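Welcome, and please open your viewer. We will go through this structure one selection at a time, and at each stop you can check what is there.

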Amino acid sequence: MSFRRFPPQLYALMAISLLCHVTMSGGRVTAGLYVLRAGYSEAWAGVLFGLYSLLPVLISLRIGRLVDRVGVTPVMRGAQAVLLFGLLVPVLWPGAGAVVVTALASGLGFNAFMLAAFVLVGQASGGDRALRTSMFAWVMLGNSVSAIFGPALAGALIDNGGFRVTFAVLAAIVGSGLVAGRFVPLSLPGETLGADPGQPRSIWLLLREEQDMQRVLMVSALLAVGWDAFQFLVPAIGHQRGYSATQIGLIMSAFAVGAFAVRLVFPWLTRHVGEWRLVITALLVNAGAFALMPASVWPPLMMTLAFVLGFCTGGAQPSVLSLLHQSAPPGRAGEAIGLRATINHFTGLTSPTVFGTVMAVAGAWVGFGAVAITMLGAAQLARRGEHPPAP
């Protein structure tokens with residue numbers, strides 16, 4: 001797969017998504033540490049992390065249909081404005097309530113932006129499966145770059161300037177992306193608008209009609225559980241062990257480095273490894289890494305395991321998106337991706353609360369072990385996708 005086949009607008013889309021994702025990767029660490037240092041328990045911090053997924057759970061399907069109807073650019077600009085608003089609230093009115101608003105607005109804004117971007121990439125690939133998977137990986141590459149620097153930047157800003165300064169810097173970053181988006185084209189060749197009005201709109205009909213899509217959505221949701229659990233459990237265990245905010249940020253950034261690394265070699269992987277095989281391998285390795293994390297008290301070892309988790313998860317996500325586009329009915333990509341976002345964000349809403357409570361009650365070994373078992377179950381489900389039973 002030659003990178004020269006990618007349309008030039010893809011790189012502008014990558015840059016804008018990078019600036020948006022900095023506010024998520026850094027903002028979630030900032031919000032989580034804010035409530036922990038304010039004296040709240042790990043369970044309450046888990047509730048706060050879950051709030052990032054509350055509004056996407058409720059309206060992602062509507063956003064997907066909106067993208068099909070009005071196009072990607074209006075949705076992306078509105079999403080950036082929502083992100084900016086959420087980050088300015090704790091700057092102007094610091095407090096626990098303001099951080100709740102940040103979580104709600106940031107989760108909604110970033111989800112809407114990326115949902116529109118994924119619909120656009122799927123349309124622009126023109127049905128070329130390898131090109132589609134590689135383009136998904138490269139859009140997510142921008143997120144990987146920002147996720148490397150976002151937590152580390154947030155940790156350093158917290159240690160040196162405090163939480164208010166950190167939120168202000170993150171707001172300035174997403175604001176610069178909103179301004180830049182006015183001057184660069186984000187639309188890609190192949191974009192289409194308008195779903196077929198004659199098709200059924202019911203979610204349940206969509207799932208009942210498409211058996212393959214059911215399996216892809218379930219694997220996607222379980223993969224998201226591992227991602228969300230890492231984003232919460234690592235700051236929580238780092239806080240328990242007395243790590244500084246900078247050390248926690250570096251561990252979180254190691255995950256992003258792994259995701260960045262795998263997406264650099266993704267065009268090669270798409271030529272040599274099937275999509276389902278890549279997903280299965282990633283889930284099995286993730287299970288082992290989660291099982292080892294509670295025993296890894298040395299921060300550099302935690303960083304190594306975080307890199308492995310990022311490498312595997314970062315490789316599985318583009319494959320899942322490509323499989324979803326392949327299994328979705330024609331003309332309903334926005335709805336299918338919106339449905340994926342709804343399901344994944346439901347796991348994001350519940351899993352940090354569940355694992356945070358488990359960790360607070362039973363300790364780190366049980367919390368991380370539960371995630372490892374979840375990954376093993378997802379791998380077994382993915383095997384059925386690779387080798388479906390005969391009709």
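**Stop 1: two helices running opposite ways**

Select α12 and α13: these helices are roughly antiparallel to each other. Keep in mind as you look around that this is a predicted model. To find the pair, colour residues 275-292 for helix α12 and residues 299-327 for helix α13. Their axes come within 8 Å and cross at roughly 150°. Angles over 145 degrees count as roughly antiparallel, so the pair earns that description. The crossing of α12 and α13 is left-handed.

Now show the side chains where the two helices meet. On the α12 side, look for residues including W276, V279, N286 and F290. They belong to a contact whose α13 members include V308, L309, C312 and T313. Sorted by class, the residues of this contact are 15 nonpolar, six polar and one charged.

**Stop 2: zoom in on N286**

Stay in helix α12 and select N286. Is N286 buried or exposed? N286 counts as buried, because its relative accessibility is 2% and the cut-off for buried is under 20%.

What surrounds N286, leaving aside its neighbours within four places in sequence? The residues in contact with N286 are L223, V308, L309, C312, T313 and M375. You have already seen V308, L309, C312 and T313 on the α13 side of the helix pair.

**Stop 3: another helix pair**

Next, colour helix α4 at residues 72-92 and helix α7 at residues 163-180. The axes of α4 and α7 come within 8 Å and cross at roughly 160°. α4 and α7 are therefore roughly antiparallel to each other, and their crossing is left-handed. From α4, the contact includes R77, Q80, L84 and L88. From α7, the contact includes R164, F167, A171 and V174. By class, there are 14 nonpolar, three polar and two charged residues in this contact.

**Stop 4: F118 in helix α5**

Move on to helix α5, residues 96-124, and select F118. F118 counts as buried, because its relative accessibility is 7%. Try your viewer's distance tool between the C-alpha atoms of F118 and F136: they are separated by 7.2 Å. Along the chain, F118 and F136 are 18 residues apart.

Which residues does F118 touch, leaving aside its neighbours within four places in sequence? F118 is in contact with F136, V139, M140, L321, H325, I337 and R340. R340, on that list, is our next stop.

**Stop 5: R340 in helix α14**

Select R340, found in helix α14, residues 333-362. R340 is buried, with a relative accessible area of 10%. Leaving aside neighbours within four places in sequence, R340 is in contact with F118, L217, S220, V320, L321 and L324. Show F118 and L321 together with R340: F118 is in contact with both L321 and R340, and R340 is in contact with L321.

**Last stop: the whole chain**

Finally, zoom out. How many helices and strands are there in the chain? There are 15 helices and zero strands. Of the 391 residues, 58% count as buried. Among the contacts with a separation of 6 or more, 86% come from residues 24 or more positions apart. Switch on a surface to finish: the chain exposes about 14800 Å², and carbon and sulfur atoms supply 68% of it.

Key: Residues numbered from 1 in each chain as written. Predicted model: local features only at pLDDT ≥ 70, side-chain atom pairs only at ≥ 80, totals over all residues. Heavy atoms only, no water. Helix = DSSP H or I, 4+ residues; strand = E, 2+ residues; numbered from the N terminus. Buried < 20%, exposed > 50% of the residue type's maximum accessible area, 1.4 Å probe, protein only. Contact = heavy atoms within 4.5 Å. Areas by Shrake-Rupley, 256 points an atom, 1.4 Å probe, with all protein chains shown as cover. Axes fitted to C-alpha atoms, helices over the stretch in contact; angles between N-to-C directions. Parallel < 35°, antiparallel > 145°, perpendicular 65-115°, else oblique. Left-handed = near helix turned anticlockwise from the far one by under 90°. Nonpolar A, V, L, I, M, F, W, Y, C, P; charged D, E, K, R; others polar.
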